[in-house]
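Okay, thanks everyone for coming. I'll walk you through one structure today, and please interrupt if you want to go back to something.

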Amino acid sequence: MSPAGVSYAPVGFGDHHWQIVDEDHRPWFATVSDLDHKEYCGQGAAAALDGLRRAMETARTLRERDGLRFVVAPLPTKDGGALVALDARYALTLFPHVPGRPGRFGQRLAAAERDQVLELLAKLHGRTPPGSTPATTLEPAGLDGIHEALGDLGGPWSGGPFAEPARELLTEHATTLRARCAEFDALTEQVRGRGAPLVVTHGEPHPGNLILDEDGYRLVDWDTVGLALPERDLSLLSADPAELARYTELTGRAPDPAALALYRLRWSLLDIAEFVAWFRGEHDRSEDTVTAWAGFTEALDLLTRPV
């Protein structure tokens, strides 16, 4: 493919995106993933690249092997791979352009819309996981970093312009954060003890990753696909099992309220772990760090609300 037109698409957070038109006037969507952003929990850029590659291969398998047309998977490279490593920090993936109406993060779906998404998730969760599917853990990556930061509130942080404000804000929320970490540990023990089977999950099937076209919803952004309990996906649609009844009708499995609560809390702690690592480390003031600061304050505020 030879691009005839390329324009930057200021969407999402952390990665970079472009809209491309080829010589035959066909539209495409390119993503350059920032592996530094994906390795905040300390696993290293090489592991982040391997994880991203496995995630993209999983998406391709779900679409091509299992015929899940709602999976927006990357196109294969010339050598049949799922992505191209541009250097030690960045990797490129190319996707078909999906015409339709994109959703917004934080948007609340109507009951009929939520049921449509639950139907997609029921299909996804019922598939045999591809061998490339990454594993996930109940504990959010970087949780140790939260505990380390909570033990390091007595002295100044000097990583960059948001370091000290982050320390001060974390100090204000320290009691609540410790309590929610303890609550998370208790939920983890309870849910793990039930030994429920794992399924292939998208990881972030919120409205911001949905595009509605004439055939229904499509799911984009498969970076976080992984083996997990179904509630990993379901918790982003509702914390109320009654609102997830369509999923039970299709699968025969009633969502576990404890697992729903666990994954909703896990989402907040995962965000906080990322932002804490970011602001304790070396950083500059940029559009991304300003956005991250807003996300950090919101994530801490959410901890004061019921799960």
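**A helix with two sides, two domains, and some salt bridges**

Let me start on one side of helix α4, where Asp 144 and Glu 148 are exposed. Before I go on: this is a predicted model, so everything I say is about that model.

So which residues of α4 are buried? In this helix, which covers residues 143-150, they are Leu 143, Ile 146, Ala 149 and Leu 150. If you look down the axis of α4, the buried residues fall within an arc of 120°, so they line one face of the helix. Asp 144 and Glu 148, the exposed pair I began with, are on the other side. And what sits over the buried face? The cover includes α5 (163-172), α6 (174-194) and α9 (257-280).

Okay, zooming out to the domains. The protein is split into domain 1, residues 1-97, and domain 2, residues 109-306. Taken over C-alpha atoms, the centres of domain 1 and domain 2 are 22 Å apart.

How do the two meet? On the domain 1 side, 24 residues are in contact with 29 residues of domain 2. Putting domain 1 and domain 2 together buries about 2,200 Å², and carbon and sulfur atoms give 65% of that area. Now, how many salt bridges are there between domain 1 and domain 2? Zero. For polar contacts, though, the count between the two domains is seven residue pairs, with both residues at pLDDT 80 or more. On the side of domain 1 that touches domain 2, the elements giving two or more residues are α1 (35-38) and α2 (45-64). The largest share of that side comes from α2, with 10 residues.

Keep α2 in mind, as we're moving to salt bridges. The count comes to 16, and I'll pick out a few.

One of them is in α2: the side chains of Glu 64 and Arg 60 meet there, at 3.7 Å from N to O. Both residues lie in helix α2, four residues apart, which is about one turn of the helix. Are these two buried or exposed? Glu 64 is exposed, at 56% relative accessible area, while Arg 60 counts as buried at 13%.

Next, Arg 218 and Asp 213. They form a salt bridge with the closest N and O atoms 3.1 Å apart, and here both Arg 218 and Asp 213 are buried.

Then there's Arg 253 with Glu 231, where the closest N and O atoms of the salt bridge are 2.6 Å apart. Arg 253 is in the loop between α8 (245-251) and α9, and Glu 231 is in helix α7 (residues 231-234), so this pair ties together parts that are 22 residues apart in sequence. As for accessibility, Arg 253 is partly exposed, with a relative accessible area of 23%, and Glu 231 is buried, at 0%. You've met α9 already, by the way: it is among the helices covering the buried residues of α4.

Last one. Asp 22, Asp 24 and Arg 26 are linked in a network of salt bridges.

That's my tour. To go back over the domains: zero salt bridges between domain 1 and domain 2, seven residue pairs in polar contact, and α2 giving the largest share of the domain 1 side. Happy to take questions.

How values were computed
Residues numbered from 1 in each chain as written. Predicted model: local features only at pLDDT ≥ 70, side-chain atom pairs only at ≥ 80, totals over all residues. Heavy atoms only, no water. Buried < 20%, exposed > 50% of the residue type's maximum accessible area, 1.4 Å probe, protein only. Arc of directions from axis to C-beta. Contact = heavy atoms within 4.5 Å. Domains from an automatic or database assignment. Buried area = accessible area lost by both parts, 1.4 Å probe. Salt bridge = Lys/Arg side-chain N within 4 Å of Asp/Glu carboxyl O. Polar contact = N/O pair within 3.5 Å; in protein donor to acceptor, adjacent residues only side chain to side chain.
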